[in-house]
Amino acid sequence: MLATTTTTAARRPATAGGTPVRGEYLTFGRPHLDEVAIDEVLKTLRSGWIGTGPKTAQFEAELAAYLGVKHVVAVNSCTAALHISLVAAGIGPGDDVLVPAMTFVATANAVLHAGARPVLCDVDPVSQMATSAHLAAAVTPHTQAIVPVHFAGRAADMTDILDFAWRKGCLVINDAAHAIETRHAGRNISGQGAMSCYSFYPTKNLTTGEGGAVATDDDALADRLRMLRLHGLSADAWKRYSDTGFKHYEAVALGFKCNMTDVQASLGLPQLARIEEWSRRRMSIWTRYNEAFATLPVTTPAGWPAADRHALHLYTLMLDLDRLSANRDTIAHALHLEGVGTGVHYRGLHLQPLYRDRYNLRPEMFPTASRISAQTLSIPLSPALSDRDVDDVTEAVQRVLTHFAR
Ligand SMILES: Cc1ncc(COP(=O)(O)O)c(C=O)c1O
C-alpha cells in the first residue's frame with residue numbers, strides 16, 4: 001500500500017516562485033536495476049564470453065516461455081527488430097505498410113529502412129490506437145503489412161485488426177515496444193500476428209540497456225530473423241569461437257549487425273523473473289494516480305476490456321486545455337521546476353518534418369492524433385519509484401494543474 005499524502009495543491013508551485021516539491025530530480029522512466037541484475041552482468045563480464053552466447057540463448061528461451069511463443073530472436077533494439085521483421089517478411093520497395101500516427105518515429109523509420117512506404121492512419125480517441133476503421137481509411141492497393149502499436153501497454157483490438165488483415169491479405173507485425181505483459185482476449189499479444197517486436201530501452205518495463213527482440217511462432221521466419229541479425233550468416237554462426245570446435249560460416253544473404261550480447265541478456269534475465277511483481281507495483285501506482293487526479297482538469301488513462309491485460313508502461317494524462325491557462329509544454333516545464341521529469345508520447349508522426357514534408361501531411365488529416373499530440377503528458381510510472389516519489393509526483397501534478405486551472 002502506498003502512503004497517503006495530505007493535499008497541498010493550494011501551495012504555490014515553483015513556476016510561481018514557490019519551493020519545489022523535490023530537491024533531488026526524479027527522472028522520467030528510471031530503470032529498476034537491483035543488485036541481482038548487477039551481479040549477473042558482473043558474472044558475465046568475468047566469464048570471458050561477452051558477445052552473443054549462452055546468456056542470450058537463455059534470455060530468448062525464458063522470454064519465449066513468458067510470452068507463450070515458439071521463438072524469440074534477441075537483437076540490439078526494437079527498431080532493429082521491426083526492420084528485420086519487415087525484411088524477413090519480404091516487405092520492400094513498392095510495398096505500403098500501415099502505421100498509426102501516434103507512435104515513436106522508429107515504427108515508421110523501420111518501414112523506410114526496409115525500402116517500403118509507411119502510410120499513416122489516425123487513431124481512436126479513447127484507446128489512442130488504430131482500429132480497422134482507421135486502417136480501412138488509409139489502406140492502398142499496395143498495402144502488404146500492418147504494424148499495430150500497443151500504445152502505452154494497452155492491447156490493440158487484435159480480433160478486429162487480424163480480421164481486417166485477413167480480408168486484405170496483409171501481414172501483421174506488432175510494435176510491442178511497450179507491451180511485454182499485454183494480453184488481448186486472454187492471450188499474450190505476442191502470438192497474435194506474424195511477428196511481435198519488443199524494446200528493452202532504459203525506460204521500458206524490462207531493460208537490457210539497449211535491446212530488442214522479435215517473437216514468432218513461425219519456424220521459417222525465426223530462421224530468417226536469426227540469419228538477418230548477424231550479417232546474413234548461416235544459423236548458429238555466433239558459435240564459431242565457442243568451445244564446441246572450429247566451424248565455418250557461410251554468408252547466405254545480405255544481413256545486418258544487430259545481435260544482442262550476453263552482457264545485455266544478463267541484465268534482462270533477473271528483470272524477467274520479477275516482471276509480475278513489478279506489474280503489481282505499477283498497478284498500485286496507477287490506481288493511486290487515478291484517484292489523486294480525478295477532479296483535476298485532465299483525463300486519466302482509459303480503462304480496458306476485462307479479457308485484456310494492460311502492461312501499464314506509460315501513465316499518460318490528457319490535459320483538458322479548455323480548462324487550463326497553459327499549454328502542455330508550459331505544464332511539463334512547471335513539473336520540471338518541481339523536480340519531476342515527464343515525457344511526451346507522442347507528437348504524432350504526421351507532425352514530424354521527415355514525414356510531414358515527405359508525404360505532404362497536414363494536422364487536419366489526422367484530427368485525433370493532432371489533438372492527442374497537443375494534450376498528452378506522461379508522468380513517472382516505474383517500480384523503481386518509492387512511495388515518497390509517488391507522493392511527490394502526485395503533489396507536483398496537483399499543485400501545477402491547480403495553479404493553471406481556469
Ligand atoms: C512504440 C515504440 N516503437 C519502437 C521503439 C523503438 O525502440 P528501441 O529504442 O528499442 O529501438 C520505441 C522506443 O521507445 C517505441 O516506444
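**Exercise 1. Overall dimensions**

Why does the radius of gyration of the protein agree with that of a compact globule?

*Solution.* Start with the chain: the protein has 406 residues. A compact globule with 406 residues would have a radius of gyration near 22 Å. The protein has 22 Å, so the two agree. Bear in mind that this is a predicted model. Next, take the extents. Along its principal axes the C-alpha trace spans about 70 × 55 × 40 Å. Then turn to burial: 50% of the 406 residues count as buried. Last, check the contacts. Among those between residues at least 6 apart in sequence, 72% join residues at least 24 apart.

**Exercise 2. The open sheet**

Give the strand order of the open sheet of seven strands, and name its edge strands.

*Solution.* Count the elements of the protein: 13 helices and twelve strands. Seven strands form an open sheet in the order β1-β9-β8-β5-β4-β2-β3. Its pairing is mixed. The edges are β1 (71-75) and β3 (117-121), each of which pairs on one side only. From one strand to the next, the twist averages 25 degrees.

Now take one pair inside the order. Strands β2 (residues 96-100) and β4 (residues 143-146) run parallel, joined by three bridges. In this pair, Leu-98 stands opposite Ile-146 of β4.

**Exercise 3. Helices against the sheet**

Which strands do helices α2 and α7 meet, and at what angles to β1 do they run?

*Solution.* Begin with α2 (residues 54-67). Helix α2 packs on the sheet and touches β1 and β9 (212-216). Its direction makes about 130 degrees with that of β1. Go on to α7 (residues 219-228). Helix α7 lies across β1, β8 (195-199) and β9. Its angle to β1 is about 15 degrees.

**Exercise 4. The ligand shell**

Describe the residues around the ligand by distance, element and type.

*Solution.* The shell has 14 residues. Ser-77, Cys-78, Thr-79, Ala-177 and Ser-199 come nearest. Two or more residues each come from α3 (78-88) and α4 (105-113). By type, the shell divides into six nonpolar, seven polar and one charged.

**Exercise 5. Strands β11 and β12**

How do β11 and β12 run, and which way do the residues of β12 point?

*Solution.* Four bridges join β11 (residues 315-319) to β12, and the two run antiparallel. Tyr-315 stands opposite Ile-379 in β12. Now follow β12 (residues 376-379). Thr-376 and Ser-378 point one way. Leu-377 and Ile-379 point the other way. Are these four residues buried or exposed? All are buried.

Note on methods:
Residues numbered from 1 in each chain as written. Predicted model: local features only at pLDDT ≥ 70, side-chain atom pairs only at ≥ 80, totals over all residues. Rg over C-alpha atoms; globule rule 2.2 N^0.38 Å. Buried ≥ 20, exposed ≤ 12 C-beta atoms within 10 Å, placed from the backbone. Contact = placed C-beta atoms within 7 Å. Pairing = 2+ DSSP bridges. Axes fitted to C-alpha atoms, helices over the stretch in contact; angles between N-to-C directions. Near = placed C-beta within 6 Å. Nonpolar A, V, L, I, M, F, W, Y, C, P; charged D, E, K, R; others polar.
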